[in-house]
Amino acid sequence: MKYKNAAEVLPPELIGQIQEYIQGAFLYIPKKEKQAHRAVTEYRIELDKRNLRIYKMHLEGMTNGQLAQNFSLAQSSIRRILIGQRKRYEMMCGKIQSLLWQWNLQQQRITQIHPSVWQIGEDHVLKVYDQPESLNRNIMINTHLERMGIPVGRLIPTVEGADYAVDGDAYYLVSEKLPGSNLISLKFGGKTAEAMGSIIARLHLAFESLEEQVSLWDNSLLDEMNGWVRDRFEETGFAHISREDFDLVVRNLASSYEKLPFGLIHRDVHFGNFLFHNKKFSGYIDFDLTQRNIRVFDLCYFSLSVLSEKEKFE
């Protein structure tokens with residue numbers, strides 16, 4: 001690599017600015033191609049996230065036509081994405097099959113129902129974790145709610161009595177499968193929004209009685225709005241909401257934040273985590289994100305999921 005004197009190739013004013021940061025040392029200036037490569041890499045990451053979301057919604061019951069409309073893609077593109085995602089997860093099915101003896105379920109059929117969840121036979125569900133914190137949080141909340149008679153899937157220990165199995169960096173948790181399906185895969189009309197409000201309220205009442213029994217971290221929606229949420233909107237140039245409207249929302253939230261009820265919340269309230277059987281609520285799932293925060297968060301998150309999935313209610 002050839003070194004050049006900056007004074008020979010850069011204008012004096014630019015050298016003066018650089019000297020504010022570094023002096024008397026070699027400085028490598030990357031080629032433009034490197035920057036372009038980084039942009040391509042970031043674009044690829046965003047595409048992978050989008051494709052994973054498409055696959056997740058497909059597993060939850062959305063048709064190719066609905067996916068094409070939601071993501072503004074041709075149905076042929078949706079099919080290609082789904083084929084690629086299926087190949088990506090076929091290897092995981094083999095891994096799971098080799099571990100099922102730990103629950104004496106090795107003869108059962110495996111069906112993927114979520115990027116990290118598989119149905120085992122007709123009566124069990126296996127979930128894969130890569131973070132022990134989320135795993136332990138789900139175990140703790142699920143166990144307490146089951147003892148209270150709240151409809152959640154009973155956790156199944158391994159044949160050796162462990163709460164879960166470990167293989168490499170992955171953790172495997174098995175529970176009983178609750179009856180029913182989520183609302184994404186059901187044509188559930190009527191007063192759905194009102195019913196969901198009652199269902200969320202029932203869970204919050206159960207959470208109130210757990211406040212003294214479980215220890216979870218305190219979170220702040222206001223801090224998140226001023227932190228990563230704002231950063232995300234900055235990255236997209238406030239494409240979905242103007243900066244002025246976003247700032248107004250944050251100011252209004254801040255003005256009443258201390259008055260809002262605070263406690264345990266589900267934190268991931270969308271149709272995929274609430275099950276219905278014969279048009280009646282049958283159970284709650286997925287407490288990986290449960291935390292202490294303002295309770296209205298769950299209602300707001302549910303409302304946003306309604307808008308984002310373009311569900312229609314009577």
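# Notebook: helix packing, rings and single residues

**Entry 1, H4 and H5.** I began with helix H4 (residues 64-71) and helix H5 (residues 75-97), whose axes come within 9 Å and cross at roughly 105 degrees. I am working on a predicted model. Angles of 65 to 115 degrees count as roughly perpendicular, so H4 and H5 are roughly perpendicular to each other. I then listed the residues that meet. From H4 they are Asn 64, Gly 65, Leu 67 and Ala 68. From H5 they are Gln 75, Ile 78, Arg 79 and Leu 82. Sorted by class, the contact of H4 with H5 has four nonpolar, three polar and one charged residues.

**Entry 2, the loop after H4.** I looked into the loop between H4 and H5 and found Ser 72 there. Phi of Ser 72 is near 55 degrees, a positive value in a residue other than glycine. Is Ser 72 buried or exposed? Its relative accessible area is 66%. The cut-off for exposed is over 50%, so Ser 72 is exposed.

**Entry 3, Arg 50.** I moved to helix H3 (residues 32-59), where Arg 50 has its place. Leaving out residues up to four places away in sequence, Arg 50 touches Phe 71, Leu 73 and Ile 81. I checked the pair with Ile 81 further. Arg 50 and Ile 81 are 31 residues apart along the chain, and their C-alpha atoms are separated by 9.8 Å. Arg 50 has a relative accessible area of 27% and is partly exposed.

**Entry 4, H6 and H7.** Next I took helix H6 (residues 132-147) and helix H7 (residues 192-210). They pack at an angle of about 100 degrees, with their axes 11 Å apart. That angle makes H6 roughly perpendicular to H7. On the H6 side I noted Ile 141, His 144 and Leu 145. They meet Leu 203, Ala 206, Phe 207 and Leu 210 in H7. The contact of H6 with H7 divides into six nonpolar, one polar and no charged residues.

**Entry 5, H8 and H9.** How are helix H8 (residues 221-235) and helix H9 (residues 243-256) packed, and at what angle? I read an angle of about 170 degrees, with the axes 10 Å apart. Over 145 degrees counts as roughly antiparallel, and H8 and H9 are therefore roughly antiparallel to each other. H8 brings Leu 221, Leu 222, Met 225, Asn 226, Val 229, Arg 230, Phe 233 and Glu 234 to the contact. H9 brings Arg 243, Phe 246, Asp 247, Val 249, Val 250, Leu 253 and Ala 254. By class I get ten nonpolar, one polar and four charged residues for the contact of H8 with H9.

**Entry 6, His 124.** I turned to strand S3 (residues 124-129), which holds His 124. His 124 has a relative accessible area of 18%. Buried means under 20%, so His 124 is buried. Which residues does His 124 touch, not counting residues up to four places away in sequence? I wrote down Leu 105, Trp 118, Gln 119, Ile 156, Val 174, Ser 175, Glu 176 and Lys 177.

**Entry 7, Arg 267.** I went on to the loop between strand S8 (262-265) and strand S9 (274-277), where Arg 267 lies. Arg 267 is not a glycine, yet it has a positive phi of about 80 degrees. At 12% relative accessibility, Arg 267 counts as buried.

**Entry 8, rings.** I looked up aromatic pairs and found ten in the structure. I took the pair of Phe 281 and Tyr 284: the ring centres are 4.6 Å apart and the planes are at 65 degrees, so the pair is edge-to-face. Phe 281 is partly exposed, with a relative accessible area of 22%. Tyr 284 is buried, with a relative accessible area of 1%. Ring pairs also link Phe 274, Phe 276, Phe 281 and Tyr 284 into a cluster.

**Entry 9, the chain.** I closed with totals. The protein chain has ten helices and eleven strands. Of its 314 residues, 38% are buried. I noted an accessible surface of about 19,400 Å² for the protein chain, with 53% of it belonging to carbon and sulfur atoms. Among contacts in the protein chain with a separation of 6 or more, residues 24 or more positions apart account for 69%.

Notes
Residues are numbered from 1 along each chain as its sequence is written. This is a predicted model: local features need pLDDT of at least 70, side-chain atom pairs count only at pLDDT 80 or more; totals for chains, interfaces and linings use all residues. Side-chain values use heavy atoms; hydrogens and water are left out. Axes are lines fitted to C-alpha atoms, for helices over the stretch in contact, and angles run from 0 to 180 degrees between N-to-C directions. Angles under 35 degrees count as roughly parallel, over 145 as roughly antiparallel, 65 to 115 as roughly perpendicular and the rest as oblique. Contact means heavy atoms within 4.5 Å. Ala, Val, Leu, Ile, Met, Phe, Trp, Tyr, Cys and Pro count as nonpolar, Asp, Glu, Lys and Arg as charged, and the others, Gly among them, as polar. Buried means under 20% relative accessible area, exposed over 50%, partly exposed in between (1.4 Å probe, protein chains only). Accessible areas come from the Shrake-Rupley method with a 1.4 Å probe; for residues, only the protein chains shown count as cover. Rings of Phe, Tyr and Trp (its six-membered ring) pair if their centres lie within 6.5 Å; planes under 30 degrees apart count as stacked, over 60 as edge-to-face and the rest as tilted.
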